[in-house]
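Have a look at the model below and turn it around a few times. Then we can walk through it piece by piece, beginning at a single residue and working outwards.

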Amino acid sequence: MLLGGGFLALSGLLGMVLTIMRRQRMMLLGYVTTSALALLFSERVVRAYGVMGASVFYTALMIVLCLVFAIIFAEGIKRAGS
């Protein structure tokens, strides 16, 4: 859970940077992706692995959110350079 919270904090930081870069509409992609994955798989993971599964799945979701935000950030930097 602590690791997942760290990734949530990182996604918050990336979210602020993306907002400054005026890429907040693209952030919706990260939230929709993460929400869809949670909706599709969370019940199965919790039933199969209990609280430990929920904790690991939460961490995985936060990693996905950070990766999507990082990709959007990199794309924004690439566009600004060209």
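Start with Arg22, which has a relative accessible area of 73%. That is over the 50% cut-off, so Arg22 counts as exposed. Arg22 sits in the loop between H1 and H2, and its backbone is worth a look too: phi is near 60°, a positive value in a residue other than glycine. Bear in mind that all of this is read from a predicted model.

Now step along to Arg23, which is also found in the loop between H1 and H2. Is Arg23 buried or exposed? Its relative accessibility is 15%, and since buried means under 20%, Arg23 counts as buried. As for what surrounds Arg23, leave aside the neighbours within four places in sequence and you find contacts with Leu18, Ile72, Glu75 and Arg79.

One of those partners, Glu75, lies in helix H2. At 29% relative accessibility, Glu75 counts as partly exposed. You can also relate Glu75 to Ile20: the two are 55 residues apart in sequence, and their C-alpha atoms are 14 Å apart in space.

Time to zoom out to the helices themselves. The protein has 2 helices and 0 strands. H1 covers residues 2-20 and H2 covers residues 24-81. How do the two run relative to each other? Their axes come within 9 Å and cross at roughly 165°. An angle over 145 degrees counts as roughly antiparallel, and that is why H1 is described as roughly antiparallel to H2. The crossing of the two helices is left-handed.

Which residues make up the contact between H1 and H2? On the H1 side they include Leu3, Phe7, Leu10, Ser11, Leu14 and Leu18. On the H2 side, look for Gln24 and Met27, and also for a set that includes Tyr58, Met62, Cys66, Phe69 and Phe73. Sorted by class, the contact of H1 with H2 has 17 nonpolar, 7 polar and no charged residues.

Cys66 makes a handy viewpoint on this contact. Cys66 is found in helix H2, and its relative accessibility of 6% is why it counts as buried. Not counting residues up to four places away in sequence, Cys66 touches Phe7, Leu10, Ser11 and Leu14. Take Ser11 from that group: Cys66 and Ser11 are 55 residues apart along the chain, yet their C-alpha atoms are separated by 5.0 Å.

For another spot on H2, try Ser35, whose place is in that helix. Ser35 has 47% relative accessibility and counts as partly exposed. Between the C-alpha atoms of Ser35 and Ala80, 45 residues apart along the chain, the separation is 29 Å.

Finally, take in the whole protein. Its C-alpha trace spans about 50 × 25 × 15 Å along the principal axes. Of the 82 residues, 27% are buried. The protein exposes about 5700 Å², with carbon and sulfur atoms supplying 74% of that area. And if you consider contacts between residues at least 6 apart in sequence, 78% of them join residues at least 24 apart. The pair of Cys66 and Ser11, 55 residues apart along the chain and in contact, is a good one to pick out on screen.

Terms used:
Residues are numbered from 1 along each chain as its sequence is written. This is a predicted model: local features need pLDDT of at least 70, side-chain atom pairs count only at pLDDT 80 or more; totals for chains, interfaces and linings use all residues. Side-chain values use heavy atoms; hydrogens and water are left out. Axes are lines fitted to C-alpha atoms, for helices over the stretch in contact, and angles run from 0 to 180 degrees between N-to-C directions. Helices (H or I, at least four residues) and strands (E, at least two) are DSSP runs, numbered from the N terminus. Angles under 35 degrees count as roughly parallel, over 145 as roughly antiparallel, 65 to 115 as roughly perpendicular and the rest as oblique. A crossing is left-handed if the near helix is turned anticlockwise from the far one by less than a right angle, and right-handed if clockwise. Contact means heavy atoms within 4.5 Å. Ala, Val, Leu, Ile, Met, Phe, Trp, Tyr, Cys and Pro count as nonpolar, Asp, Glu, Lys and Arg as charged, and the others, Gly among them, as polar. Buried means under 20% relative accessible area, exposed over 50%, partly exposed in between (1.4 Å probe, protein chains only). Accessible areas come from the Shrake-Rupley method with a 1.4 Å probe; for residues, only the protein chains shown count as cover.
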